[in-house]
Amino acid sequence: MVNKASLKQISPKINLLTMFRLGLFQMGLGIMSILTLGVLNRIMIKELAIPATLVAGTIAMHQFVAPARLWFGQLSDAKTIGGTHRTGYVWIGAALFAIASFLAVQVTWLLGNSVHSQGWTLTTYSLIALLGGIFALYGLALSSSSTPFAALLVDVSDEDNRSKLVGIVWSMLMVGIVIGAIVSGRLLPAPTTCQDAVVNSIYSNPQSLALLQNSINRLFILLPAVVFGLAVFSTFGVEKKYSRYTSRSMIANREDKITLSQALKVLTASRQTGLFFTFLLVMTVSLFMQEAVMEPYGGEVFAMCVSETTRLNAFWGTGTLLGISSTGFLIVPRIGKQKTALLGCLTVAFSLSLVVLSGFSANPQMLQGALLLFGLASGVTTTGAISLMLDLTAAETAGTFIGAWGLAQAIARAVATVTGGAVLDIGRQIFSDRVLAYGLVFTVQAFGMLLAIWFLNRVDVAEFRSNAKNAIASILENELD
């Protein structure tokens, strides 16, 4: 009894201000996602005329290394850096992904120059491989930072305040996306990159190319440095003051022994678990296919500048933030979690049809409105799905379920990025009209959402609750044997 009391004195309850301070790290990750998926991919596809499939494939490498998350999580449990289990990993990882993002830009310029001057030679393909390798390192650095950070959220929270902490941190991620889009747009003021009248490559205009390179280089120096500063500030002293890791070490050690293959066995043990996670996979792919093509869509169909297409993320991010922050209070209590997810999927499909229609009108304001609605629907879908997942999680293996879902989401987003680029290239081969080519991507997304609903309707929460714990216990007993 004395030991428990002393632990409570050493580890006070985390306060609201510290929760928002921790959220600054996620805000930084939102900013970084804009730089890679918002700015860099648009430059490569639109300005440098690199095929969308290759662009999406190289950028997606940072998601394909997601299985490393489990290893970094176990490493942070077992070994300390500077006397901390999580904070040292967060800082080192943040420094490394900031450096990797700048290196990716420099290789991008070399790649564009090689494509323009030499065509598709061995040098060009080597640069693509190098760029993919840099994005893989970027993904490893991101995993080495974000996974221990997620573990830190568990360490510093209790059952009665963990959902509040997660809600605040997730909302701050969307704030970062909005801020990143606005700041990037302001730091990319070059109107010459619109190329309203210039149909051929930007390399035909050295002045425009130099202006674009200078503004992009400045952006990828300034914002990653700010993000690293946010990572340090948000976590400084939090672990030493609030962490309960020591008192939970026995639980953590048992969780460490659950490997990826064992986690997958847990997830597929129940028919309902398989159905639900298939829904999550299809939903996530369908939700994020547009990430790699939205900025080029604004550039090619609406003749927007780089700064203007980057700001499109602000409309999507604002809508998502509104959806996430309001759904838990206004929609879920009234219609339930499963119907909330279904409503979100239907609204996403409808909003994507508006994105296609806006292309035929070539009206930027209509596109912005459609993206605002798409973001709102995405927020409703995400909140409903996550809330339902927490309902379908046995308390004994919550970490395994949520950790495996994070891995599945990362892989699904990587597949979504590649699929979006590939479908765009297919659309360009089939249709001569740019709107139809891009519209094919958004149409496939909409049908994907309808398929996700098909799986969602077959999820039975009552059945899951009646057999999930028994199935998990059986698998863990077999592993112990």
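In this predicted model, the largest nonpolar core comprises 119 residues, among which Leu22, Phe97, Phe279, Tyr297, Leu367 and Phe442 touch the most other members. The greatest contribution to this core comes from helix H2, spanning residues 16-47, which provides 16 residues. Both domain 1 (14-244) and domain 2 (257-480) take part in the core, each of them supplying at least three residues. The surroundings of one of these highly connected members can be described in detail: when residues up to four places away in sequence are not counted, Leu367 touches Met294, Tyr297, Phe302, Met304, Leu312, Val355 and Ser358. Tyr297, which is thus a contact of Leu367, is itself listed with Leu367 among the core residues that touch the most other members.

With regard to the chain as a whole, the secondary structure consists of 20 helices and 0 strands. Of the 481 residues in the protein chain, 55% are buried. The contacts were also examined by sequence separation, and among those between residues at least 6 apart in sequence, 84% join residues that are at least 24 apart. The protein chain exposes about 20,400 Å², and 67% of this area is supplied by carbon and sulfur atoms.

On the surface, a nonpolar patch is formed by Met61, Phe64, Ile411 and Val415, which together have about 280 Å² of accessible area. Two helices are represented in this patch, helix H3 (52-64) and helix H18 (398-430), each of which supplies at least two of its residues. Ile411, a member of the patch, is found in helix H18 and counts as partly exposed because its relative accessibility is 33%.

Helix H18 also takes part in the polar contacts of the model, for which a search of the whole structure finds 3 salt bridges. In one of them, the side chains of Arg428 and Glu300 meet with an N to O distance of 2.5 Å. Because Arg428 lies in helix H18 and Glu300 in helix H13 (residues 294-302), this pair ties together parts that are 128 residues apart in sequence. The two partners fall into separate accessibility classes, given that Arg428 is partly exposed, with a relative accessible area of 32%, whereas Glu300 is buried, with a relative accessible area of 17%.

Glu300 additionally meets the side chain of Arg434 in a salt bridge, with an N to O distance of 3.8 Å. This pair likewise links distant parts of the chain, Glu300 being in helix H13 and Arg434 in helix H19 (residues 434-456), 134 residues apart. Arg434 is partly exposed, its relative accessible area being 46%.

A further salt bridge is formed between Arg428 and Asp425, whose closest N and O atoms are 3.9 Å apart. Because Arg428 and Asp425 are 3 residues apart in helix H18, they are separated by about one helical turn. Asp425 has a relative accessible area of 19% and is therefore buried, since the buried class comprises values under 20%. Through shared partners, the salt bridges join Glu300, Asp425, Arg428 and Arg434 into one network.

Two further residues illustrate contrasting environments. Thr124, found in helix H6 (residues 122-156), counts as buried because its relative accessibility is 0%. With residues up to four places away in sequence left out, Thr124 touches Leu111, Ser114, Val115 and Gly119. Lys339, by contrast, lies in helix H16 (residues 337-361) and counts as exposed because its relative accessibility is 58%. Although Lys339 and Gly384 are 45 residues apart in sequence, their C-alpha atoms are 7.9 Å apart in space.

Methods
Residues numbered from 1 in each chain as written. Predicted model: local features only at pLDDT ≥ 70, side-chain atom pairs only at ≥ 80, totals over all residues. Heavy atoms only, no water. Core = buried A, V, L, I, M, F, W, Y, C linked by side-chain atoms within 4.5 Å. Buried < 20%, exposed > 50% of the residue type's maximum accessible area, 1.4 Å probe, protein only. Helix = DSSP H or I, 4+ residues; strand = E, 2+ residues; numbered from the N terminus. Domains from an automatic or database assignment. Contact = heavy atoms within 4.5 Å. Patch = residues over 30% accessible without salt bridge, like charges linked within 9 Å, V, L, I, M, F, W, Y side chains within 5 Å. Areas by Shrake-Rupley, 256 points an atom, 1.4 Å probe, with all protein chains shown as cover. Salt bridge = Lys/Arg side-chain N within 4 Å of Asp/Glu carboxyl O.
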